[in-house]
Each structure stands twice: as structure tokens, then as C-alpha cells.
Amino acid sequence: MTDGGGQRDIRLGWIPAVYVVLAATYCLGVVSLAVSAQVVLAVMLVQPLYALLVPIGIGVFLLLMLSFAIATLVRMRRVQPGTPGRGRLMTVAVAGLVQALTFGSAVVLLNLALADPLTAGLGSGVSPAELLLTVPQWVEIAFWTTIGLSSAAWPVLLGSCVSSWFLVPERVRRVIWIGVDVILTVAFLFVTATMPLEPTSDAPEAVIQPALRLTVTVLFALRAIAWLMPYVLDLIEQLGFRALVASRHLRAKKSNFLATIGVLSILAVSVSSCALTTTLSVMGGFRQDLKRKILGNNAHVVVDKEHDTFARWEPVVRATRRTEGVVAASPYVSGEVMVTSASNLAGAVLRGIDPETVSSVVDLERNLQSGRLEYLIDPARLLDLPPEETRGPMPLGAPPRFERRDREPPAEREGSPVRDVDALLDPTSPTPPAPGEGATMEEIDEFLRGPESVEPPREVLPGIIVGRELARSLRLYIGDEVNVVSPLGDLGPAGPMPKSRPFRVAGIFYSGMYEYDMKYAYVTLETAQRFLNVGEEISGVEVKVEDVERAPAVAGHVRDAIGRGELRVRDWQETNKNLFGALALEKLAMFIALGIAILVAGFCVFGTLTLMVQEKNREVGVLKALGSPSRGIVGVFMIEGLLIGLFGSAIGCGLGYVVCFAAEHFGIKMNPEVYYIDKLPVHTDAVEFTLVGVSAVVVCLVATIFPAVLASKVRPVEALRYE
């Protein structure tokens, strides 16, 4: 390693050169581990071999890095103070020591948590924070302390590695880059041919190969861009004299300071563009997820009468189904009720549906977590449910209900009160004989049930389907009885009296929308009409169309087809315009807020070109002395700003797409009990990416106006006076 001073050639040794390469590799490895920490931890929990190999590999690398850091520090202490590069190498050595010690300690503490017996039952979806809850508090405090120290030292190590990289001799750097290019090319071809781009299942192990392929592909793409950049600049130089001068300014190696701030300007535009595209994609994902859930639980078009029901609805349904663009139509009746169980009560919206046609309009049947839609048509089947359905998705994660026929009773002693419970309830009834030692399960079950007269026959009640949150609130299971109270009952001596009727739970659905899962309950259309006292009338007709984006136009055709002025026809956009309007306003506000980051990048471009004008003052004077007009000088610096904006926005939008792709296909886990979604939704839109890229380029162009005008006012006599 040399001092990089240009004229002097002071040898600093090969150990610092090797250490700089190790430290740079460590910085890349930390980023990769931080991105894939959840996946690595999940695999280590389910694969004992990985749980052993991963910490061993990390430990060996850290020991190697620690040894070279100490050797580099000792070597630099022997170098004369003031030698160029000595301070940078000592900084990278100290930062590497801190990183190796803190990160190694964090790995040891994390493996202590993995070795704890309590982690055996956590499964593969555990996070590091949840994992540390199983260990003593001092281990958790020590882990987060070491992670904090390591995070604080990592930027110092990265910056010192970048600055120390130029101390490595150029021929050595060239050899290293050739080796990196060969390795990346072979790795890229291998992962492209053998590994999938998307996970094939939801298992944690299925994410490893796609994540590895994506990482190698991104590194290969970045290296390819760096390799092609000189050739791209060569092509730009062929476009004309102004482009030639602008390209030479950006790639000039005479002033390292200008080259550095030029690269920083491109990075600033890249980071701001990446942040803006990623945020817009996440917000678009939330909008798409909300839209999907709304359209899955509501019809695309609704025909109803405001605050009332209407009769003669059969011709309306037939006319609606014949309308062009309509896929299906289903009638419904709706009313507000109170649902009570043995433990709680809650308000709900009772909807009477046609079980035969409702599945063609909304996703009720597909959203059922337990139960069946057929139970509404034949509620007698609810009296003899199979055990797998009574043990379906239980509210609040409760265990299945106690079933005597599935219970393995403990051995009973003589005189056990369990044996005499039926006799205590009815002393006159004969007590069944106690089963012997070799009794079968049927005999034990018959003994526990006692006389058949104790359990009265169950009544066939109409079925009702409730949402998961409503079932949680009321502690309901499939086959349970609930009481539904309607305020619109019969007239009594004191006025209207509430109407009450028992129902039996026929299903529990999960729509993904808390409001629907907490408020909606479904029964058959005829049952709801009788219970709500609406006779043969209905509340409306739900319609599904072929293209949801053309729902407003189809709604107009439906309005013309039914020909009844008292009925209103509304599409889903009109029904939810306030909600989607608020989302659009929030998205616009976020675009403006994060657009300030691009403005900050524009100020960086402004400062870069202003300093470049001062640095290139003599060159500008020479150009003007040779006859170049002021407009040509302005064009040179405008092209420089354009190139910075193009390179920065292209890299930023590309990185933003990679981040969105990884988040969309690999998934960022979220707690569904809190957010009602299991992973972060992401939706990439080419229009938004294009808009962000164009905005970044425009900001960079605007930022170059003042430096370009400043350069055009340089007088050749003043610029060349002292030459």
C-alpha cells in the first residue's frame, strides 16, 4: 500500500491493504445481514445445522478481521506522523476493532437466546426482539447496547474504508476488481439458472434462494453500471462540443474534491428518488389492499332506495342481469339489530342474502374461515357437525370446545363424584354401571353422558354467519346459539316492542376489514324479511361488473335499464369517495413532503456546479477566448446538471424498484392483530416511478441555472490575467 500522495511513494505494507478489503467486505456483509435478519433467524430456528454453521462462519471472519485490524494499528504506529494515509488507516483500524468486538458480542448473546429451551416452541416466525424475551434481562440489555455501539461505528468504518481504498495501488485495485467481476459474473449466471426469483411457498426456508438471487443480481447490476459508465460518457461526448466538455468535467480526475462532491450529488439524487418511490409504492399498496377488501365485501354497483325498502324487485334483478357489462346480481335486505350471547352483546347489521347468488357478487363464501354457506339453506345440519368444523378457527386463539366423545377420561377411583353426578341430579334415575378396567371408549362415553333423558333434543334454528371480530366479542363458535333483537317489532299496548329470535352460528368469516368483521351478520333472505317485518320487499340489489374501473358507466346503463326513478344506482367509487379521496390527499401530501428531499439534492447539485465554476474558471476563460458564446457556456453546465439528474434518478428509481420488489415478494411481516394485515402491502406503478424520475431531473436542471449563468459571465481577460 502507498501513501497516494502522487510524487512520493512511501510503502505502508500489505497488511493494511488486506485489512481494507476485509473491512469493505464486512460493511457489505452487515448490510446483507440487516436486510435478511428475519430470514436468517427463522432458518436458524428450524435448521440445527445452520444454527451451528452461521455463528461459526461469522466468528471466524470476525477473528480474521480483528487480527488484521490490530496488525494494521501496530503497523501505523510505526509510521512517521504526518505521513499521508496514516490517519485514515488508523481510523479504519480503530473502527474495525469496535465493530468486531461489538458485533461479535451481539452474535454470542443472540446464540445464548437461541440455546434457551424456551425458544424451542416459538416457531419460525419469531423476531429478534421476541426471541430476547426468553432470556434474562441483562442479556437483552447487553445485546441492544452492543447493537447500538456497532451501528454507531459502522458509518465511520464505511467512510474510512472508502477513503482508504485509494491508498491501495492502482494495479492491485485493478486485480481486485477483475476478481470481483469474475466472481459476480459466475455467481449471477449460477443463481439465474438454478434459483427461483420468487418464493415458492410461505416457509421461511423458501425465501433464502430468491433473496440470494436478488442480492447477487443487484450487485452484478451495480458493478455492470460502474463498468459501463465510462463507455456511456464516451458516447455522450460524441453528441457535440458542449456534451464533450460537460462529460470531461464530470469524469476529470485532476480535482479529487470536485469528483467526490459530484459523486455525492448523484448519490443524493439517488437516495431521495429511492425513498420517494418506495414510500409512494407502499401507500399505493395500502390503497390497493383497501380497494381489494372493499370490492370483496361490497358490490361494484348497488341499486337501492334511500332509507327504505322497495317491492316489485324481481323485474329489477332481471333487467340488471341483462345489462351489458354486468356479471351477476343478487338481492339483499338489511337492518340494524342487537346480537346477544351468553357472555356479551353487540350491535350489528343483519343482512339477508340469497345463498345461491351471493357468491357470484361478493367474496363471502371465500372469506369463511369456518362453517359453510350451505348451513344457511339447511340449518338442520348444524345439529350434527363433524369435529373438524367445531374445532375450526377459534376466536382469541381459544382451544376447541370440550367434546366428551374426544376426551380421554382419567382413571376413576371408587366413589368418585364424577361417577355419581347423574344420581345427584336425579336420585330416582338409574345410575349406569361403571365401566370396567377394559372398557371401550363407547362405554365410557355412554357412562359420562348418563341417561338419554338428561339431554333434551336440540331445536333446529335458522343459521347466521358472523364476522370474526363479532365472534370474538361474543365468544361464539360454530353451532352456538345467539339471540338477535330487532327494534322494529310488533306493536304492543305501550307502542313498538322489540322482536327477538334465536339463531345458530353457521359460519365465521374474515374479510380483512375490522368494520365488516365486527358489524355484519348474514342470514337467508326469507329469514331476514320475516324477522325485519318488511314482507316481500328488499333493501337493494348488489351488482358485480366485468371491469371495476368502468363501474360508473355500467351504473348509468343499469339506471336506464331498470327505469325506476325512485331507485338510486351507485357505484363503488361514489360510495367510498370520501375514503379514497382522503387516501389520495394523503398520498399527495406525502409526495410533496418527500419531494423536499429531492429539493435538498437540488441544493447539493447547485453547490457542486457553483464550486465547479470556480474551479474551472480558467477553462471557461479559454473557451470564451476561443470564441465560445455565453449561451454555449450555459449549455455546458446545464448538460452537467442534466447528467447528474439522469444518473441519480435512474439509479434511485432502480434501487426503489428493487426494494419494492423485495418487500412485495419476500414480505415485511406485520402483526395482523394490530394492523389487520400480515405483511406490508406494496404496489409499484410505472407512472409514479416516471413522475419521480422526471421531477428529479427537472429539479437538477433548475438548480444549474444560476451556476450556468454565473459561468457565462466570466470575462476571459480576468480569468487569464495571471496565466
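Select valine 339 in β2 and valine 484 in strand β6 (residues 481-486), which stand opposite each other. Strands here are DSSP E runs of at least two residues and helices are H or I runs of at least four, numbered from the N terminus. The model is predicted, so local features need pLDDT of at least 70 and side-chain atom pairs count only at pLDDT 80 or more, while totals for chains, interfaces and linings use all residues. Residues are numbered from 1 along each chain as its sequence is written, and side-chain values use heavy atoms, with hydrogens and water left out.

**The partners of β2**

Extend the selection to the whole of β2 and β6, which pair in the antiparallel sense over three bridges; two strands pair if DSSP finds at least two bridges between them. Next, add strand β3 (residues 345-353), which is antiparallel to β2 and joined to it by nine bridges. Glycine 335 has leucine 350 of β3 as its bridge partner, and a hairpin of four residues leads from β2 to β3. Then add strand β11 (residues 540-545), which runs antiparallel to β2 with six bridges. In β11, glutamate 542 stands opposite serine 330.

**The nonpolar cores**

Now show the largest nonpolar core, of 73 residues, in which Val303, Ile464, Val466 and Val541 have the most contacts. Strand β2 (residues 326-340) supplies the largest share of this core, seven residues. A core of this kind is a set of buried Ala, Val, Leu, Ile, Met, Phe, Trp, Tyr and Cys residues joined through side-chain atoms within 4.5 Å. Buried means under 20% relative accessible area, exposed over 50%, and partly exposed in between, with a 1.4 Å probe and protein chains only.

Centre the view on isoleucine 464. Beyond its neighbours within four places in sequence, isoleucine 464 is in contact (heavy atoms within 4.5 Å) with residues including Leu350, Leu376, Val482, Val484, Phe503 and Tyr522. A separate core of 31 residues includes Ile236, Leu280, Leu623 and Phe647.

**Serine 273**

Move to helix α10 (residues 256-297) and select serine 273 within it. Serine 273 counts as buried, at 0% relative accessibility. Its side chain reaches the backbone oxygen of valine 269 at 2.8 Å. Setting aside neighbours within four places in sequence, the contacts of serine 273 are Ser649, Gly652, Cys653, Val692 and Ala696.

**Aromatic rings and charges**

Go to helix α8 (residues 208-237) and select tryptophan 227 and tyrosine 231, which are about one helical turn from each other because four residues separate them. Their ring centres are 5.3 Å apart and the planes meet at 50 degrees, so the pair is tilted. Rings of Phe, Tyr and Trp (its six-membered ring) pair if their centres lie within 6.5 Å; planes under 30 degrees apart count as stacked, over 60 as edge-to-face and the rest as tilted. Tyrosine 231 is partly exposed, at 47% relative accessibility. For an aromatic cluster, select Phe509, Tyr516, Tyr520 and Tyr522.

Next, display tryptophan 177 in helix α7 (residues 170-194), a partly exposed residue with a relative accessible area of 36%. Arginine 223 lies over the face of tryptophan 177, 4.3 Å from the ring centre; for such a case, NZ of Lys or CZ of Arg must be within 6 Å of the ring centre and within 35 degrees of the ring normal. The C-alpha atoms of tryptophan 177 and arginine 223 are 9.4 Å apart, and the two residues are 46 apart in sequence.

Finish at tyrosine 332, where the charged end of arginine 351 sits over the ring, 4.3 Å from its centre.

How values were computed: A polar contact is a pair of N or O atoms within 3.5 Å; within protein, one must be able to donate a hydrogen and the other to accept it, and residues adjacent in sequence count only if both atoms are side-chain atoms.
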